[in-house]
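Student: Could you take me on a close look at one part of this structure, the surroundings of a single tyrosine and the disulfides? I would like one connected account.

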Amino acid sequence: YFCPEGSVSSRQTPCGNSTVYCPQRSSLPVLVEKGYYTISSIGIINEAGPNATHDMQIECEIGYYCVDGIKYSCPGGTFGEFSAASDLSDCKPCQEGFFCPSYPGPPSTRADQAACGESYLYCPS
C-alpha cells in the first residue's frame, strides 16, 4: 500500500500490480527493476488482487527470468546460468547429449544438468 503525499485520508491505497512495489511509508509506487520480481513480505491479499500489495522486489534467481515483476522458470530443454535474467532469451539451450528439466521441479542451472542415454531418459538430437 501507499499513502499519497499530503493525504489526510486514513485509508491507504493498494500499490497497483506486479510491475510496481510500495516499500513501507511510500508516497508513490516504485517501478520494479529489470531482472527483479515483486512480492508481499507480509502475505497480504486484498480485494484489489494478489499482486496489488507488493512491498519489495527480489533479484531473479539463477534458472529463472523475470518480466514486469513476475518470475518464470526457464523451460525444459533450457537452463539459466545467471541471476537477474530479464528475458526468455536468457535461458540457453542444453548441451547436446544432456537434458535440462524444469517445472514441476526446479529449473536447470547448468547446460549439462542430466545426462541422456539412461533407459528412463531419452533425449532427441
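Tutor: Happy to; we begin with the whole chain and then move in on the tyrosine. This is a predicted model, in which local features need pLDDT of at least 70 and side-chain atom pairs count only at pLDDT 80 or more, while totals for chains, interfaces and linings use all residues. Residues are numbered from 1 along each chain as its sequence is written, and side-chain values use heavy atoms, with hydrogens and water left out.

Confidence comes as pLDDT, the predictor's score for each residue from 0 to 100. The chain has a mean pLDDT of 83, with 79% of its residues at 70 or more. Strand E5 (residues 64-67) has the highest confidence, at a mean of 97, and strand E10 (residues 114-115) the lowest, at 83.

The fold has 0 helices and 10 strands, where helices (H or I, at least four residues) and strands (E, at least two) are DSSP runs numbered from the N terminus. Along the sequence this gives the pattern β-β-β-β-β-β-β-β-β-β. Of the 125 residues in the chain, 30% are buried; buried means under 20% relative accessible area, exposed over 50%, and partly exposed in between, with a 1.4 Å probe and protein chains only. The accessible surface comes to about 7900 Å², and carbon and sulfur atoms hold 54% of that surface; the areas come from the Shrake-Rupley method with a 1.4 Å probe, and for residues only the protein chains shown count as cover. Among contacts (heavy atoms within 4.5 Å) with a separation of 6 or more, 37% are between residues 24 or more positions apart.

Now to the tyrosine. Tyr65 sits in strand E5, and Tyr65 is buried because its relative accessible area is 12%. Setting aside residues up to four places away in sequence, Tyr65 touches Cys60, Ile70, Lys71, Tyr72, Ser73, Cys74, Ala85, Ser86, Asp87, Leu88 and Cys91. The C-alpha atoms of Tyr65 and Ser89 are separated by 9.0 Å, with their positions 24 residues apart along the chain.

One of those partners deserves its own look. The whole structure has 1 aromatic pair, counting rings of Phe, Tyr and Trp (its six-membered ring) whose centres lie within 6.5 Å, with planes under 30 degrees apart called stacked, over 60 edge-to-face and the rest tilted. Tyr65 and Tyr72 form a stacked pair, because their ring centres are 5.4 Å apart and their planes meet at 25°. Tyr72 has a relative accessibility of 35%, so Tyr72 counts as partly exposed. Lys71, another residue that Tyr65 touches, lies over the face of Tyr64, at 4.4 Å from the ring centre; a charge sits over a ring if NZ of Lys or CZ of Arg is within 6 Å of the ring centre and within 35 degrees of the ring normal.

The cysteines among the contacts of Tyr65 (Cys60, Cys74 and Cys91) lead us to the disulfides. There are 3 disulfides in the structure, each a pair of cysteine sulfur atoms within 2.5 Å. Cys60 is linked to Cys66, with the sulfur atoms 2.1 Å apart. The torsion about this S-S bond of Cys60 and Cys66 is about 85°, so the disulfide is right-handed. Cys60 and Cys66 are both buried.

Cys74 and Cys91 form another disulfide, S to S 2.1 Å, and with -75° about the S-S bond their link is left-handed. Cys74 lies in the loop between strand E6 (70-73) and strand E7 (78-79), and Cys91 in the loop between E7 and E8, so the pair ties together parts that are 17 residues apart in sequence. Both of these cysteines, Cys74 and Cys91, are buried.

The disulfide of Cys94 and Cys100 has an S to S distance of 1.8 Å. Cys94 counts as buried because its relative accessibility is 16%, and Cys100 because its value is 0%.

For contrast, look at a loop residue. Glu96 lies in the loop between strand E8 (92-93) and strand E9 (98-99), and Glu96 is exposed because its relative accessible area is 73%. The C-alpha atoms of Glu96 and Ala111 are 8.7 Å apart, and the two residues are 15 residues apart along the chain.
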